[in-house]
Structures are given as C-alpha cells and as structure tokens.
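Hi there,

Here is the structure I promised to hand over. Have a look at it first, and then read on for what turned up.

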Amino acid sequence: MKKYENQGSKDTRSGFGAGMTELGQKNENVVALCADLIGSLKFDDFKKNHPERFFQIGIAEANMIGIAAGLTIGGKIPFTGTFANFSTGRVYDQIRQSVAYSDKNVKICASHAGLTLGEDGATHQILEDIGLMKMLPGMTVINTCDYNQTKAATLALADHHGPAYLRFGRPVVPNFTPADEPFVIGKAIMLNEGTDVTIIATGHLVWEALQAAEELENQGISAEVINIHTIKPLDEEAILKSVAKTGCVVTAEEHNFLGGLGESVARTLSLNAPAPQEFVATNDTFGESGTPEQLMEKYGLNAKSIVEKAKKVIARK
Amino acid sequence: MTQQISNLEQFTQQVRRDILRMVHAVNSGHPGGSLGCAEFLVVLYQHVMKRNPGFDMNGINEDVFFLSNGHISPVFYSVLARSGYFSVSELATFRKLNSRLQGHPTTHEGLEGVRMASGSLGQGLSVALGAAQAKKINNDPNLVFVLTGDGELQEGQNWEAIMYGSAKNVDNLIAVVDLNGQQIDGSTKDVLNMGNVKAKFEAFDWDVLEITEGNNVEAIINGMADAKSRTGKGKPVCVLLHTEMGNGVDFMMHTHAWHGKAPSNEQLENALNQNPATLGDY
C-alpha cells in the first residue's frame, strides 16, 4: 500500500491561518472578520499585516454574517471565522437569507468542528454543521483533513465565486498531504488504490482511514481510500468508479450520520449503483467532555472502527 | 422647490396606485407599511440618493440602499421601476409564478436595484454596515442607506449592529426607522413596548434625528438633508421617520389591519378614487 508520512503534526486551523496570511498579501480584496476568537482561528498575522482589512466584530455572530454579506457589495471577499457551532447553527437564518439566497461571495470558515474540540463538551461540539450547510442551495461545503490541505483550500476559496463553508478543527493531527498538492474544489483525491472495499473519508477521519487501510492490508484485505474534502458538490464520478470496482463502501466522518458525507454518498449510490455501505459517524447523539482521543474512541470515530465496519460491509457483498 | 415638491407628490400618488393594484391583483402582500413609506422612498430615490445610470451590484461611486423590512416590497418595486431600474410593466408580475418580483425582495432572480434578499427581519442593518465599511476601504465617499421597520427592532441582531456601528465609527451610514407604531399583532406598544427608541439609539452613541411628518415630502427632504449633513462626523446617523401606516387611503389609516391584507374589488376602487393616476398605470 502507498505510504503516507506524517511531516510533523499540526492543527488544521493553523493551515487556515497560514492561508489567510498568504491571501492577505496576494489578494487585496480579501477581508477577514472574527467574533472574538482571533487566536483560536489563527488570524493574528492577517490582523497585524492588514488592520484595515480585518474586522473584529465582537461576540455577535449574526451581525458578523450580515456585515460579511454587506462587504461583498463593494467587491470584497469576506472570510468569517469562529467556532463551527457559532458559524452555522447559531446563524443559520442569516446565512440562509443574507448569504446563500442572496448569492454573496462569503466564505464561512469554521474551526473547532466535531468531537475533537474536546474538553469544552457538547455545547461547542457541533456534529450537525455539514448537514445544515449542504442543505443550503448553492453552498459549497469543504472539510479538510490536515494542515496542508486546509491552507490550500483557503487559497482556493478566494478564487472561487460563491458562498462556501470551510470546516476544520482544533487538535494537532498528522500533516501528510503534499504541501504543493493543488486543491480542486469538488475533486476527490485517490489516496490508495484497492479492490475489496472503498473507504471514503473526510476531515480528521482521512488519516484514520489510511491507518485502517494498513491494518486491513495486514489482514489480507485490499482497501481503496478516497479523500473527499468537498462534500458539496460531491465528486460522484470518483465514488461510482471506485465502488464499481470494490462493490462496497465505508464512509468516515466526524459528524452525525444524519446529514453528513455518508448520506450524500448513499444517495449517489442508490441513484446509480446500489451497494452495501457502513457509516463511521456519530449515531444521532450529542458529544461530551473528554480528550479528543478518548472521544473518538468512545464514539467510534477512529481506525479501529473503520476496520470493523470494512469487514462488516465486505461480508454484506 | 414648490414645483419639485409637487412633482414628488404626484410621483408618490402613482406609487400608491401601483401598491394597491399589485396587492389587489394577487390578493396578497403588504399594503399598509408600503403606503406608509411611499413618500420616503420616492424622496430617497428621486431626490436624496446619488445614483448612477444602470445597475451595478457593487454600487461603486454611488449611494446604495437596503430594504430590511422586505415585506414592504410593493413600494420598493414600484419606486425602483419608476426610477428606471426595470420596466414598469413588470410590476404586473408581482408575487406570480416565475416572476422576478418575489413576495419579498431577492437578488436570486437578478432584479435590478435589489442588492440583498430581505424578509426574515433584522438583517438589513448588519448588511448595510458591511457595505458602508466596504465603501470606506474603497475610498468611496458615497453613503449607505437602510430602512427598517419599528417592530423589526425587536429582533436582537439589530442591537448587535447598533452597538457595532458606533463602536466602529461607521459614519457613512444613515439608518431610517419606519416608526409607524404598528406590527402584525397590534400596536408596538401592546406587542412589545420598545419605550423610547430615540433614547435607546442615543444610548448606543448614534446621532439621532426625527422626521415627525414622515408622510410629508417637504419634511422628508429637509430631514434627510439634515441627516446627510451629520454623516462623516464619527457617528452613524439614525432617522426616526414617523409615518402613518396605510397613508393616502382613508380606510387603511390608523389601524394595523392592513399590514398584510389585500383590498377587495370595491375597496380597491374606493382607494384608487382617492389617488387618481398621475404618471400612468402599469
């Protein structure tokens, strides 16, 4: 199996911050808005280098989304930043009317998504945001897997016209994708070719999927691993091509199975080529306090769980 | 000046006819607040705002306006059409299937003159703040106007925006509150008494002025000139526009009953008789 090396663990949010720093220099129309979380979102450099293009909104996320929508009128490309929960659930109607329905070029950038936020607990651990955002007509939804990919996605979004949701996280995780890998919105990345089962993963679960594929290989099972960083629009062609070969699929995400990547994959398969599918996702539940590792273990979002689901789905073929 | 006022009054009378006929034709829509703001929007578009020919979404080097209380779309559409943004004949499509004139305004259908969807209340002031700050970055000296309802101020997002506007010295923004004292369930006092709105804005450090005769063209001209003169001085400007819901149609005034109700055939005839055509019906 193809080997991926951890180039040095980093948090995905720092990839976002690095992307913003670069965008600040490259694109004078890019502006940044933050709701009292500059350090958490890694906005420090952008704010220092471009104070005239940085907007501290205070703890007022609804106002932030509206201001971002207004800034597009005048040709700006606003990137809003706060935690995923406050980026989506708290401001859903503002995003729906002022951004999505109004077709405004706003990039909603969300850190601390999912369980890996850790000890802060369920009030902050949104597991419904992908579903909320993908249901909005015209909204692009991206969930990146490591530092390099998050940086590349941030840069790509500035060149993409239209509302978009960029989801990343808090913890330090392996950084394994090539630093020079181009980020093409809506285009899946084939990480490992295999023949027995397709593992389709997004976000922090991509590294876990690679670990799972190694373990499966040790057990004589050939797993294909696809990184879906763009959940909407979904690369249906890549999914169908792979499942035509393997005949079954495991989807893996740090999100509720309701509304997540898995559901989008299931729809694609049921419309085109039905195949057995297992879901590595949270099971219609809130999270809780704990370390990221403890939570991913308890809620079944790790390599071990992917291996189990892979064997289960192969048996269903 | 007298001739100019007379022309604007004539213009407003035609807008009133448009509102009544549009709402009647589909037996739905919001005539009360639309009629109450007719004079204001006519004066704003025909006298106050600097507008460039055609329509540029980004509004570079011109004043821009946002309607936050999107339910008064009939008056907005009529004024936009009669100000040249799109054909007056298109007013006949209001609220019909496949129309660009949706029940509440939207950019989704590409209707010239509309820069933001509105209808879900309380969002326009934030959007206007963003547009005003974009003008500052662009060194564009023109102004941003926004109209909100008074009942709409019950939405909490407004107070986030009001706090922000003064804290960030957004002094190229004029926010106009349609102070008609009515909302769907009754008077604003009965539904949720907002107390002294002027004192509240002043407590948030806005420069506030009142136009007590908000259905009087000359009073609006003078009041908005005053408002413009207060911009660029470090504070956002708030205009409390005292209007009469249903203004210009006697049986629609002094009540909240016509907030979202269309007139019958007889009521339409009566209302139109009170407002003879001036510019020609669509």
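The UniProt annotation "domain: Transketolase-like pyrimidine-binding", taken from an unreviewed entry, covers residues 10–175 of chain A. Please keep in mind that this is a predicted model, whereas the domain name comes from the UniProt record. In the model, the end C-alpha atoms of residues 10–175 of chain A lie 6 Å apart. Helix makes up 42% of that span and strand 19%.

Now for chain A as a whole. It has 13 helices and 14 strands. The radius of gyration of chain A is 19 Å, and the globule rule gives 20 Å for 317 residues; the two values are close, so chain A is as compact as a globular protein of that length. Taken along the principal axes, the C-alpha atoms of chain A fill a box of roughly 60 × 40 × 35 Å. Of the 317 residues in chain A, 61% count as buried. If you like contact maps, here is a number for you: among the contacts in chain A with a separation of 6 or more, 81% are between residues 24 or more positions apart.

Next, the sheet. Seven strands of chain A form an open sheet with mixed pairing, in the order 3-2-4-5-7-6-12. Why is one side of strand 3 and of strand 12 in chain A left without a neighbour in the sheet? Strand 3 (54–56) and strand 12 (230–232) stand at the edges, and each has a single partner strand, so there is nothing in the sheet on the other side. On average, neighbouring strands of this sheet are turned by 20 degrees against each other, direction ignored.

One pair from this sheet can serve as an example. Strand 4 (residues 77–83) and strand 5 (residues 107–111) of chain A pair in the parallel sense, over five bridges. Phe79(A) stands opposite Lys107(A), which belongs to strand 5 of chain A.

Last, the contact between the chains. It takes 28 residues from chain B and 25 residues from chain A. On the side of chain B that touches chain A, helix 5 (124–137) and helix 6 (157–167) of chain B each supply at least two residues. Which element of chain B gives the largest share of that side? Helix 5 of chain B does, with 10 residues. By class, the side of chain B that touches chain A has 12 nonpolar, 13 polar and three charged residues.

Happy to talk any of this through.

Best wishes

Key: Residues numbered from 1 in each chain as written. Chains lettered and ligands numbered in written order. Predicted model: local features only at pLDDT ≥ 70, side-chain atom pairs only at ≥ 80, totals over all residues. Pairing = 2+ DSSP bridges. Helix = DSSP H or I, 4+ residues; strand = E, 2+ residues; numbered from the N terminus. Axes fitted to C-alpha atoms, helices over the stretch in contact; angles between N-to-C directions. UniProt positions renumbered as here; feature names shortened; annotations may be inferred. Contact = placed C-beta atoms within 7 Å. Nonpolar A, V, L, I, M, F, W, Y, C, P; charged D, E, K, R; others polar. Rg over C-alpha atoms; globule rule 2.2 N^0.38 Å. Buried ≥ 20, exposed ≤ 12 C-beta atoms within 10 Å, placed from the backbone.
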